[in-house]
Amino acid sequence: MGVEIAGIPLKNPVMTASGTFGYGDEFSSFFDLNALGAIIVKTVTMHPRPGNAPPRIAETPGGMLNSIGLQNVGIDLFLKQKLPFLRTLTTPLLVNIAGKSVEEFADLAKRLSDAEGVAGIEVNISCPNVAGGLDFGTDPRLTYEVVRSVRQATPLPVIPKLSPNVTDVTVIARAAADAGADALSLINTIVGMVIDLDSRRPKLPGATGGLSGPAIRPVAVRMVWEVAQVVKTPIIGIGGIMTGNDAVEFLLAGATAVQVGTANFLDPLAPMKVLAGIESYLTLHRFAAVTQLVGAAIPSETRSKSNVHSPRPKAK
Ligand SMILES: Cc1cc2nc3c(=O)[nH]c(=O)nc-3n(C[C@H](O)[C@H](O)[C@H](O)COP(=O)(O)O)c2cc1C
């Protein structure tokens, strides 16, 4: 089940998605966190953020809309209060960061580089719920600038998290890869809206929010598939993964690893069930290694340009 992403060896390809798994310890009573491939914590910003006014979540068909507004304890308290527990785990920790400017992204990366126990940095250039947050990840030039400045600020692996709220995600993926990204996470939430029929007002105070859950999975799989064919950078697939089979779909589309997000709200054991489901798929279809699935659905003509290095396995 082992994979390598951004030079980090993982015991399996299942990670937790930022903002859906707290700082890890909230889930430690449910299962052994050392069984995860990697843990990604809630986005950390330079200063603590209280987040947006409630309600911050609305249910949607096959998913949920959220507008949390990057509530988090800030980098100082994260390093002092949250990191010591995470450091006790054998599971690699990826810290997700968001800055208000290119410089702030770089400063956050520097702070994390000096801290013991951080395996890599996921760069959130795609949060739709904060003014300015979306702009970096929807503009290839800004994407390049943020990723390059983080790249120059840290020796740690740099993993930009891309926005689906763009016309052509491959343009952004190329910009991030050119700037030195070690891997790419995709996708973040899709901007959506729900209107309450009684009040005749949007359900979320800020009108729009980020859509996640199974409803977005086909969009996410399509984007992984597109990006896998234009960059050689490894991909972490995210979007509506509820089961092992959902995860396998992302691997076949070209992802090397996956993240479980919204499913954690429904079932705190979801990442473990996804992991068991991938293992069952491998056994059932007689694959020796999970890496054999990576990009196996990509046509051989486009394989040379893709991030898929292993030969396409034959169906058994
Ligand atoms: C309540 C909630 C909070 C989230 N917070 C963050 C965040 O702080 N940083 C981030 O990069 N993504 C955040 N996300 C996006 C998820 O990490 C993930 O990219 C997205 O939800 C799609 O995956 P899913 O359908 O499995 O949830 C959040 C998602 C949800 C539902």
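These are short exchanges on how the terms used for this predicted model are justified.

Me: What are the ground rules for the numbers?
Reply: This is a predicted model, so local features need pLDDT of at least 70, side-chain atom pairs count only at pLDDT 80 or more, and totals for chains, interfaces and linings use all residues. Residues are numbered from 1 along each chain as its sequence is written, and side-chain values use heavy atoms, with hydrogens and water left out.

Me: What makes a run of residues a helix or a strand here, and how many of each are there?
Reply: Both are DSSP runs, numbered from the N terminus: H or I over at least four residues for a helix, E over at least two for a strand. The protein has 10 helices and 16 strands.

Me: Why is the protein called as compact as a globular protein of its length?
Reply: The globule rule is 2.2 Å times the number of residues to the power 0.38, and the radius of gyration is taken over C-alpha atoms. For 316 residues the rule gives 20 Å; the protein has 18 Å, which is close, so the description holds.

Me: Why is Leu70 called buried?
Reply: Buried means under 20% relative accessible area, exposed over 50%, partly exposed in between (1.4 Å probe, protein chains only). Leu70 has 7%, so it is buried. Leu70 sits in the loop between β6 (63–66) and α1 (74–87). Across the protein, 56% of the 316 residues count as buried.

Me: How do you know that Arg111 and Asp76 form a salt bridge?
Reply: The term needs a side-chain nitrogen of Lys or Arg within 4 Å of a carboxyl oxygen of Asp or Glu. The closest N and O atoms of Arg111 and Asp76 are 2.7 Å apart, so the pair qualifies. Arg111 lies in helix α2 (residues 102–113) and Asp76 in helix α1, 35 residues apart.

Me: Why is each of these two called partly exposed?
Reply: Arg111 has a relative accessible area of 33%, so it falls in the middle class. Asp76 has 45%, so it does too.

Me: What makes Asp246 and Arg217 a salt bridge?
Reply: Their closest N and O atoms are 3.1 Å apart, so they meet the cut-off. The pair links helix α7 (residues 244–253) with helix α6 (residues 217–228). Both residues are buried.

Me: How do you know that Asp267 and Lys273 belong on the list of salt bridges?
Reply: The N to O distance is 2.7 Å, so the pair passes. Asp267 is partly exposed at 21%, and Lys273 is partly exposed at 48%. The whole structure holds 6 salt bridges.
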